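Please open the structure in your viewer and keep the selection tool at hand. The tour proceeds from one selection to the next, with a short account of what is found at each stop.

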Amino acid sequence: MPRITIDNQSLFYRLSANDLTGRRPPLLLIHGAGGTHMHWPASLRRLPDWTVYALDLPGHGKSPGPGRNSIAAYCDVIYALVQGLGLDRVVLAGHSMGGAIVQEFALHYPGRLAGLVLVGTGARLRVAPAILDGIRSNFPAAARAITDSVYAPGAPAQLKRLYLQRYLETDPQVLYDDFYACDQFDRRADVARIETPALVLCGEADVMTPPKFSQSLAQTLPHARLTIVPHAGHMVALEAAEETTAAVEAFLKRET
């Protein structure tokens with residue numbers, strides 16, 4: 001399984017090399033707080049006709065720690081990864097915290113980007129103090145509360161059980177630092193400078209980053225299209241894998 005060393009730290013990623021032409025910019029998938037590459041559906045990770053990288057950020061999944069406690073620090077990791085993989089121009093897709101990382105990257109390295117996919121995210125990501133306090137005081141209870149919040153009512157119970165299981169396997173310090181990084185993130189004054197074509201996508205029933213966050217992003221970014229997926233929550237990519245994959249594929253074909 002592919003790994004790369006970044007700043008003396010091993011990063012795990014999955015690679016699906018389906019672009020036989022070698023002409024299309026690869027797609028790099030960046031998960032959210034406490035997540036792993038498995039927070040992206042298999043249909044997107046194995047997208048036909050595209051080369052797709054899906055990584056575990058430091059301290060997540062199969063990538064050892066430490067994690068990071070700022071979006072800027074995670075952005076540095078992604079830049080070093082892009083450099084280390086020898087990628088000239090990429091499409092970055094980010095979910096939630098990953099979407100903040102993508103925005104940060106776009107502001108610093110616009111010449112390396114062919115497109116942006118921003119899923120369930122915003123230019124400001126406030127985190128309720130109860131979440132941060134709960135991770136410190138009672139991690140299992142906080143993990144259960146977060147799990148209940150990220151899925152829409154009626155989401156399959158198996159999806160929620162698997163999500164909770166993976167969350168409980170996460171180092172509480174890594175999860176705390178992720179949410180702290182989100183809480184400190186605020187690029188509302190800057191996103192209008194991002195000229196890269198963007199797809200902004202969210203679930204209609206997302207209570208973690210409500211649709212108004214995505215609507216604001218789509219209205220502010222100069223070249224953005226908005227897709228709101230009915231009945232889906234914050235984990236829209238897993239709850240509505242077919243719709244999410246179709247929207248991303250259409251964007252890639254249209255903009256790159």
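Select glutamate 239 first; in this predicted model, glutamate 239 belongs to helix α9, which spans residues 236–239. Is this residue buried or exposed? Its relative accessibility is 22%, and because buried means under 20% and exposed means over 50%, glutamate 239 is classed as partly exposed.

Next, display the surroundings of glutamate 239. Setting aside residues up to four places away in sequence, glutamate 239 touches Val150, Tyr151, Ala152, Ala155, Leu159, His231, Ala232, Gly233 and His234. Two of these neighbours deserve a distance label. The side chain of glutamate 239 reaches the backbone nitrogen of alanine 152 at 3.1 Å, and it reaches the backbone nitrogen of glycine 233 at 3.0 Å. Then add glutamine 158 to the selection: 81 residues separate it from glutamate 239 in sequence, while the C-alpha atoms of the two are 11 Å apart in space.

Now select helix α5 (residues 139–150) and helix α6 (residues 157–168). Two packed helices are described by the angle between their axes and the distance between the axes. For α5 and α6, the axes come within 10 Å and cross at roughly 145 degrees. The crossing of α5 past α6 is right-handed. To view the contact, show Phe139, Pro140, Ala143, Arg144, Ile146, Thr147, Asp148 and Val150 on the α5 side, together with Lys160, Tyr163, Leu164, Tyr167 and Leu168 on the α6 side. Val150, part of this contact, was also listed among the residues touched by glutamate 239.

Proceed to helix α2 (residues 71–84) and helix α3 (residues 97–108), whose axes come within 9 Å and cross at roughly 70 degrees. At that angle, α2 is roughly perpendicular to α3. Here too the crossing is right-handed. The residues in contact are Ile71, Ala72, Tyr74, Cys75, Ile78, Tyr79 and Val82 from α2, and Met97, Ala100, Ile101, Glu104 and Phe105 from α3.

Keep Ile78 selected and turn to the interior. Which residues have the most contacts inside the largest nonpolar core? They are Leu28, Ile30, Leu55, Ile78, Leu92 and Phe179, in a core of 61 residues. Apart from this core lies another, of 24 residues, including Leu47, Val91, Ala93 and Val119.

Finally, select leucine 28. Beyond its neighbours within four places in sequence, leucine 28 is in contact with Tyr53, Leu55, Ile78, Leu81, Val82, Val91, Leu92 and Ala93.

Key
Residues numbered from 1 in each chain as written. Predicted model: local features only at pLDDT ≥ 70, side-chain atom pairs only at ≥ 80, totals over all residues. Heavy atoms only, no water. Helix = DSSP H or I, 4+ residues; strand = E, 2+ residues; numbered from the N terminus. Buried < 20%, exposed > 50% of the residue type's maximum accessible area, 1.4 Å probe, protein only. Contact = heavy atoms within 4.5 Å. Polar contact = N/O pair within 3.5 Å; in protein donor to acceptor, adjacent residues only side chain to side chain. Core = buried A, V, L, I, M, F, W, Y, C linked by side-chain atoms within 4.5 Å. Axes fitted to C-alpha atoms, helices over the stretch in contact; angles between N-to-C directions. Parallel < 35°, antiparallel > 145°, perpendicular 65-115°, else oblique. Left-handed = near helix turned anticlockwise from the far one by under 90°.
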